[in-house]
Amino acid sequence: IEVALPDRAGELARAMRIIGEDQGVNVCSLMVPPGKAGEQRVAIVQVATIDPRHVIEALEAAGFEVGW
């Protein structure tokens with residue numbers, strides 16, 4: 001899944017906490033390409049589930065923009 005992250009301290013950690021702790025889904029890999037300071041970043045997250053819809057819904061409910 002792709003998660004748009006505001007350029008603020010703790011946003012990546014907040015998204016990972018939703019995926020791992022709240023939804024109980026393991027993160028298999030994570031890539032966040034570099035960008036300019038102040039710009040939104042897109043984290044590419046591989047999760048250990050066949051159907052990530054509940055993860056996507058939880059992230060969107062927390063205010064993240066998510067693509068699949």
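**Exercise 1. Classify Q46 as buried, partly exposed or exposed, and describe its surroundings.**

Solution. At a relative accessibility of 47%, Q46 counts as partly exposed, because that class lies between the buried limit of under 20% and the exposed limit of over 50%. The structure examined here, and in the exercises that follow, is a predicted model. The next step is to locate the residue, and Q46 is found in strand β3. Once neighbours within four places in sequence are left aside, Q46 is in contact with N26, V27, C28 and S29. A13, by contrast, is 33 residues from Q46 in sequence, and the two C-alpha atoms are 15 Å apart in space.

**Exercise 2. Determine whether V45 is buried or exposed, and list what it is in contact with.**

Solution. V45 belongs to strand β3, which spans residues 41–47. Its relative accessible area is 2%, so V45 is buried. Leaving aside neighbours within four places in sequence, the contacts of V45 are I1, V3, M16, I19, V27, S29 and L30. For S29, a C-alpha distance is also available: although V45 and S29 are 16 residues apart along the chain, their C-alpha atoms are separated by 6.0 Å.

**Exercise 3. Decide whether E11, in helix α1, is buried or exposed, and state which residues it touches.**

Solution. The position of E11 is in helix α1. The charge of a side chain does not enter the classification, which rests on relative accessible area, with under 20% as the limit for buried. Since the relative accessibility of E11 is 9%, this residue counts as buried. Not counting residues up to four places away in sequence, E11 touches L5, P6 and F64.

**Exercise 4. Explain why the buried residues of helix α2 lie on the same side of α2, and identify what covers them.**

Solution. Begin with the buried residues of α2, a helix that runs over residues 53–61: they are V55, I56, A58 and L59. These residues cover an arc of only 165 degrees around the axis, which puts them on the same side of α2. On the other side of the helix, E57 and A61 are exposed. The cover over the buried residues of α2 includes strand β1 (2–5), helix α1 (11–22) and strand β4 (65–67). Finally, α2 is followed by G63, whose phi is positive, near 100 degrees.

**Exercise 5. Describe the protein chain as a whole, from its secondary structure to its radius of gyration, its contacts and its charges.**

Solution. The protein chain has two helices and four strands, and these elements follow the pattern β-α-β-β-α-β when read along the sequence. For 68 residues, a compact globule would have a radius of gyration near 11 Å, and the chain has 11 Å, so the two agree. Taken along the principal axes, the box filled by the C-alpha atoms is roughly 35 × 20 × 20 Å.

Turning to contacts, of those with a separation of 6 or more, 57% are accounted for by residues 24 or more positions apart. Buried residues make up 29% of the 68 residues, while the chain exposes about 4300 Å², of which carbon and sulfur atoms supply 50%. As a last step, the charges are considered: there are 6 positive and 10 negative side chains, and the centres of the two sets lie 6 Å apart.

Methods. Residues numbered from 1 in each chain as written. Predicted model: local features only at pLDDT ≥ 70, side-chain atom pairs only at ≥ 80, totals over all residues. Heavy atoms only, no water. Buried < 20%, exposed > 50% of the residue type's maximum accessible area, 1.4 Å probe, protein only. Arc of directions from axis to C-beta. Contact = heavy atoms within 4.5 Å. Rg over C-alpha atoms; globule rule 2.2 N^0.38 Å. Areas by Shrake-Rupley, 256 points an atom, 1.4 Å probe, with all protein chains shown as cover. Lys, Arg positive; Asp, Glu negative; His and termini not counted. Charge placed at Lys NZ, Arg CZ, Asp CG, Glu CD.
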